[in-house]
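Work through the exercises below with the sequence and the model open side by side. Try each task before reading its solution.

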Amino acid sequence: MCKRGMHVRVRGIVQGVGFRPWIHRMVEKYRLCGWVRNTGFGAELELEGEEEALESFLGELSRDIPPLAEIEAVEKEWYTPLHHYTEFRIAASRSGERRDTMISPDICTCEDCRRELLDPSDRRYRYPFINCTNCGPRFTIIRDIPYDRKNTAMAAFPMCGTCRAEYEDIRSRRYHAEPDCCPDCGPRLFYEGEGRTASDEDALEAAAQLLLEGKILAVKGLGGFHLACRADLPETVRELRRRKHREEKPFALMCADVEAAREICTVSAAEEQLLLSRERPIVLLGKKVRGPADPCADISENGRIGVMLPYTPIHMLLLTGTLRTLVMTSANRSDLPVIRENTEARSALAGIADGFLLHDRDIHVRCDDSVVWEWRGHPYFARRSRGYVPAPVLLRDAGQEERRCILALGAEQKASFCISRGRHTFPSQHIGDLKNMETLAHYEDQIRHFETLFQVRPEMLVCDLHPDYLSTRYGEEQAAREQIPLLRVQHHYAHMCSCMADNGLAEPVIGIVWDGTGLGTDGTSWGGEFLTGDFDGFVRRGSIRRMRLPGGDLAARELLRIAAALLAEAGESAAGPEIPAVYFRQLAAGVNCPESSSIGRLFDGVSALLGIRETAGYEGQGAILLEAAAEMTEETEETLPWEIARNGALEEYDWRPTVRALIKEKAAGRQKEILAAMFMNTLTGMAAEMVRRIREETGIRKAVLSGGCFQNIYLLKRLTALLEAEGLEVFTHRRVSANDEGIALGQLAIAERRRKQE
Ligand code: ZN
Ligand code: ZN
Ligand code: FE
């Protein structure tokens with residue numbers, strides 16, 4: 001038997017996640033002595049015991065840590081002589097030590113808490129704020145670091161003796177659970193509406209009653225307010241649409257459990273796992289019934305419905321009994337950030353909600369629900385927010401300086417930013433479209449908040465090339481004020497690098513970047529791009545034939561404008577649907593017809609040509625309904641004709657033959673659904689041909705897919721399969737969104753590289 005000593009440093013997310021109680025259990029199990037303390041990078045331990053026992057302990061550390069802990073690295077060092085510890089203790093953190101700790105995202109109520117919630121003998125029976133070290137609010141209640149109760153929205157609720165005892169008991173599941181509370185000491189639920197008020201159990205009762213009656217309830221959640229109503233009453237759903245001025249954009253649902261979701265959607269095993277994951281995102285599931293008999297047409301006009309499961313005790317208590325499926329949509333005034341305060345909710349939602357289910361714990365940080373598809377067993381983000389933020393994304397290629405900080409400012413639509421501390425990058429939550437002062441204020445606020453949370457000050461800024469984005473203007477002002485460099489990065493290049501960083505790639509790739517629009521290096525608007533390059537730079541190798549957009553930005557809403565442009569270019573101006581002649585006259589005169597190589601706009605134009613959608617009520621609607629139409633048909637391999645032509649240094653997809661064939665097929669009576677599928681097959685065929693040529697020229701065999709168009713799952717699946725069949729290695733997004741929300745990560749990776757070279 002040989003006694004030894006071991007010094008261990010654990011890097012990662014290990015504070016406030018039940019790591020020390022876990023350590024305590026392990027040292028008891030293996031009869032070890034010594035100490036543990038929290039440090040700036042994570043935790044530090046000194047352990048003495050039998051050599052075998054120490055090895056077993058290390059084994060557990062790599063296998064069986066608490067659910068919220070995330071270990072990045074374990075460094076160990078054997079030592080002699082021994083200190084001959086006789087007990088195990090938790091040592092105080094060194095005062096004044098730099099805090100480089102991580103902050104946990106908000107996590108859904110765990111199974112243990114759920115059991116207690118529903119157990120009549122438990123002292124937290126039906127208490128809507130039950131939580132423990134393994135679950136509950138985190139990011140949304142933190143005001144400042146260190147992560148102690150006094151720096152959270154729980155500061156207003158001093159712990160009672162019983163909770164205090166649990167908090168201090170290392171054997172308790174609530175040891176050092178900062179938001180821990182109970183009915184005696186914690187937040188309270190209350191209800192207001194229709195001239196009535198109630199609290200606690202009565203408040204829940206009143207809220208449930210209101211919902212049952214087919215009325216609309218505002219519910220204060222984790223990262224903001226929701227508006228809720230019964231999903232099975234079309235008239236109620238339509239009333240919510242009227243009051244919210246949200247005519248067509250799909251609503252999300254909250255279902256009591258997976259079985260409830262299965263009543264309206266198909267749920268694969270992988271999708272079920274995502275629904276049940278501790279992040280509890282909204283998962284975009286395929287409808288069980290599509291077409292004219294679709295019972296959920298008022299909830300979502302396309303082939304999918306966003307579904308989430310209850311993630312807070314309030315939701316769990318609300319969705320019991322007869323209430324199995326509710327519409328659950330973010331409560332905000334159009335285009336403004338989600339509402340988070342009681343007073344704001346009362347005034348802003350006065351004409352919308354019939355009743356309010358409120359509580360007295362503040363939401364300190366707004367955080368909307370995350371939205372994902374299931375793709376190859378992973379979440380594929382439409383929106384990365386609650387449950388995931390502020391977990392870091394590791395930048396593999398970055399250097400080792402631990403305090404270096406770069407702030408990447410993102411784009412304009414679906415704004416988000418990304419801030420780094422050494423190799424860790426922290427993508428922000430969903431902020432919204434940076435098109436009004438309120439959203440800009442929220443954006444600036446969150447940048448400051450992230451700087452505080454992670455104790456960093458940017459040394460360098462990086463923004464989009466577009467001079468008019470509010471994020472660019474913010475970057476210019478900050479750079480001037482702080483006297484730090486500002487790097488400007490082309491939009492589609494940033495998309496490409498985002499997908500590279502997302503997949504830990506640093507070597508040259510072929511980037512297929514398809515989106516709405518972004519400013520190109522030549523001053524024109526791009527959007528259907530084939531690039532090659534790495535973090536050092538890029539070459540634009542292919543694109544699509546430019547189209548003219550009569551009316552400029554108006555064309556993104558009035559899709560017939562694009563249809564007119566496509567027809568005019570293709571020499572088919574007489575054909576097609578009823579298109580106002582004024583568009584053709586505008587095109588002929590060339591007045592206010594900016595050009596763009598946007599593939600998103602091509603989708604819009606084709607959607608209008610096929611009579612699927614002529615105006616876009618929300619961003620991307622034309623393309624989304626085109627995808628939905630294609631998914632209505634049996635799978636087809638048919639394509640339409642296309643050409644690739646050389647234009648200077650660029651290979652260009654000429655869509656005119658495609659448009660001409662589309663018109664001809666339509667006139668011949670082909671279904672619009674099949675034509676939608678054929679159009680997308682054409683694009684994937686064209687892309688594969690383009691990639692073949694680029695590969696021959698460059699020898700690059702890795703391809704990344706990025707840009708908002710790759711949230712078209714039909715396109716994503718088909719193009720990935722096609723390229724893989726040709727022997728390419730294809731990478732799609734895993735940890736950030738393919739749309740502009742993910743752009744900041746790419747900007748940051750490029751800036752990081754640029755900085756390293758200086
Ligand atoms: Zn719990
Ligand atoms: Zn208590
Ligand atoms: Fe984009």
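The exercises cover domains, a metal site, salt bridges and aromatic contacts in this predicted model.

**Exercise 1. Domains**

Task: List the domains of the protein, then state how far apart the C-alpha centres of domain 1 and domain 4 lie.

Solution:
- Start with the continuous domains: domain 1 covers 3-90 and domain 2 covers 189-359.
- Then take the split ones: domain 3 is 392-503 + 742-757, and domain 4 is 514-535 + 540-733.
- The C-alpha centres of domain 1 and domain 4 are separated by 56 Å.

**Exercise 2. The zinc site**

Task: Find the protein donors of the zinc ion (ligand 2) and assign the geometry of the site.

Solution:
- Pick out the donor atoms: the SG atoms of Cys160, Cys163, Cys182 and Cys185, lying 2.3 Å from the ion.
- Read the spacing along the sequence: C-x2-C-x18-C-x2-C.
- Check the angles: the four donor atoms give 103 to 117°.
- Four donors count as tetrahedral if all angles lie between 85 and 135 degrees. The site of the zinc ion (ligand 2) is therefore tetrahedral.
- For reference, the ideal angle for four tetrahedral donors is 109.5 degrees.
- Look at burial: Cys160 is buried at 16% relative accessible area, and Cys163 is buried at 0%.

**Exercise 3. A salt bridge across the sequence**

Task: Which parts of the chain does the salt bridge between Glu637 and Arg718 tie together, and is each residue buried or exposed?

Solution:
- Confirm the contact: the two side chains form a salt bridge, 2.8 Å from N to O.
- Locate the partners: Glu637 sits in the loop between α17 (621-630) and β28 (643-647), and Arg718 in helix α20 (residues 713-725), so the bridge joins parts 81 residues apart in sequence.
- Classify Glu637: at 58% relative accessibility, this residue is exposed.
- Classify Arg718: with 18% relative accessible area, this residue is buried.

**Exercise 4. One glutamate, two arginines**

Task: Which arginines form salt bridges with Glu651?

Solution:
- Arg646 is one partner, with closest N and O atoms 2.9 Å apart.
- Arg693 is another, at 3.1 Å from N to O. This pair links distant parts of the chain: Arg693 in helix α19 (residues 672-698) and Glu651 in strand β29 (residues 650-654), 42 residues apart.
- Compare exposure: Glu651 is buried at 10%, whereas Arg693 is partly exposed at 28%.

**Exercise 5. The wider charge pattern**

Task: How many salt bridges does the structure hold, and which residues are linked in a network?

Solution:
- The total is 67 salt bridges.
- A network of salt bridges links Asp112, Arg115, Glu116, Arg123, Arg124, Glu166, Arg173, Arg174 and Asp180.

**Exercise 6. Aromatic rings**

Task: Count the aromatic pairs, then classify the pair of Phe603 and Phe679.

Solution:
- The count is 15 aromatic pairs.
- For Phe603 and Phe679, the ring centres are 5.4 Å apart and the planes meet at 80°. Planes over 60 degrees apart count as edge-to-face, so this pair is edge-to-face.
- Phe603 belongs to helix α16 (residues 599-609) and Phe679 to helix α19, so the pair ties together parts 76 residues apart in sequence.
- Both Phe603 and Phe679 are buried.
- Elsewhere, ring pairs join Phe139, Phe417, Phe426, Tyr443, Phe450, Phe454 and Tyr474 into a cluster.

**Exercise 7. Charges over rings**

Task: Over which rings do Arg241 and Arg540 lie?

Solution:
- Arg241 lies over the face of Phe251, 4.1 Å from the ring centre.
- Arg540 lies over the face of Trp526, 3.8 Å from the ring centre.

Technical notes
Residues numbered from 1 in each chain as written. Chains lettered and ligands numbered in written order. Predicted model: local features only at pLDDT ≥ 70, side-chain atom pairs only at ≥ 80, totals over all residues. Heavy atoms only, no water. Salt bridge = Lys/Arg side-chain N within 4 Å of Asp/Glu carboxyl O. Helix = DSSP H or I, 4+ residues; strand = E, 2+ residues; numbered from the N terminus. Buried < 20%, exposed > 50% of the residue type's maximum accessible area, 1.4 Å probe, protein only. Domains from an automatic or database assignment. Donors = N, O, S within 2.8 Å, 3.2 Å for Na, K, Ca; no water. Tetrahedral: all angles 85-135°; square planar, octahedral: opposite > 155°, others 65-115°. Phe/Tyr/Trp six-rings, centres within 6.5 Å; stacked < 30°, edge-to-face > 60°. Lys NZ or Arg CZ within 6 Å of the ring centre and 35° of its normal.
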